[in-house]
Amino acid sequence: TWGKLSGTKVVVFSDFRCGYCRQLSDTLRQLNVKVEERPISVLGTRKLSEAVYCSRDKVSALHAAYAGETPEARACDTSGLDANEAFARKHGFTGTPVIVRADGEVIQGFRPAPALAAWLKAKTAA
């Protein structure tokens, strides 16, 4: 979890080597939302996801991974990553990013800040 912890919550299924996921990460920083990042290995990046997931400072490791760096590998229980991937498969998420609003509404693929902000706001208007 990263971003503005008191902000609107979004869940993002992402791959750390996905260029659109990196763009989305930057966009979400601008929107001051609370992001629950759920890595999935669409591009064969399971080892990188494990390094981020097992990092002592997950937020720094996440942003480092998007910047092309590989955090130091540590051992930990990675069953959460298995759960992310099982959930993604069950719901047909075959690409990244996938953005899930707090009410369960889903959009797949990158959206620029104005479109994403409007989509998030539509939830609060309902």
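A residue counts as buried when its relative accessible area is under 20%. By that cut-off, 43% of the 126 residues of the protein chain are buried. Welcome to this structure, which is a predicted model. The protein chain holds five helices and five strands, and here is a short tour of how they are arranged.

**Overall build**

- Following the sequence, you meet the helices and strands of the protein chain in the order β-β-α-β-α-α-α-β-β-α.
- The radius of gyration of the protein chain is 14 Å, close to the 14 Å that the globule rule gives for 126 residues, so the chain is as compact as a globular protein of that length.
- Along the principal axes, the C-alpha atoms of the protein chain fill a box of roughly 45 × 30 × 25 Å.
- Among contacts in the protein chain with a separation of 6 or more, 68% are accounted for by residues 24 or more positions apart.

**Surface and charge**

- About 6800 Å² of the protein chain is exposed, and carbon and sulfur atoms supply 51% of that area.
- The protein chain has 18 positive and 13 negative charges, and the mean positions of these two groups are 5 Å apart.

**Helix α2 and its buried side**

- Helix α2 spans residues 46–53, and its buried residues include Leu-48, Ser-49, Ala-51 and Val-52.
- These four residues lie on the same side of α2, because they cover an arc of only 160° around the axis.
- As background, an α-helix has 3.6 residues a turn, so residues three or four places apart point the same way.
- The partners that the buried residues of α2 pack against are β3 (34–39), α3 and α4.
- Ser-49, which lies in helix α2, has a relative accessible area of 1% and is therefore buried, the limit being under 20%.
- Leaving aside residues up to four places away in sequence, Ser-49 touches Phe-16, Pro-39, Ser-41 and Leu-81.

**Helix α3 and what follows**

- In α3, the buried residues are Ala-61, Leu-62, His-63, Ala-64, Ala-65 and Tyr-66.
- The cover over the buried residues of α3 includes β1 (2–3), β2 (9–14), α1, β3 and α2.
- Just after α3 comes Gly-68, which takes a positive phi of about 95°.
- Further along, Ala-73 sits in the loop between α3 (58–66) and α4 (79–90).
- Ala-73 counts as exposed because its relative accessibility is 65%, and exposed means over 50%.
- Ala-73 is 57 residues from Phe-16 in sequence, while their C-alpha atoms are 15 Å apart in space.

**Backbone details in two other loops**

- Asn-32 is found in the loop between α1 (19–31) and β3.
- The phi of Asn-32 is near 55°, a positive value in a residue other than glycine.
- With 46% relative accessibility, Asn-32 falls between the 20% and 50% limits, so it counts as partly exposed.
- Pro-97 has its place in the loop between α4 and β4 (98–101).
- The peptide bond leading from Thr-96 to Pro-97 is cis, and its omega is near -5°.

Technical notes. Residues are numbered from 1 along each chain as its sequence is written. This is a predicted model: local features need pLDDT of at least 70, side-chain atom pairs count only at pLDDT 80 or more; totals for chains, interfaces and linings use all residues. Side-chain values use heavy atoms; hydrogens and water are left out. The radius of gyration is taken over C-alpha atoms; the globule rule is 2.2 Å times the number of residues to the power 0.38. Buried means under 20% relative accessible area, exposed over 50%, partly exposed in between (1.4 Å probe, protein chains only). Contact means heavy atoms within 4.5 Å. Accessible areas come from the Shrake-Rupley method with a 1.4 Å probe; for residues, only the protein chains shown count as cover. Lys and Arg count as positive and Asp and Glu as negative; His and the chain ends are not counted. The place of a charge is taken as NZ of Lys, CZ of Arg, CG of Asp or CD of Glu. The arc is that of the directions from the helix axis to the C-beta atoms.
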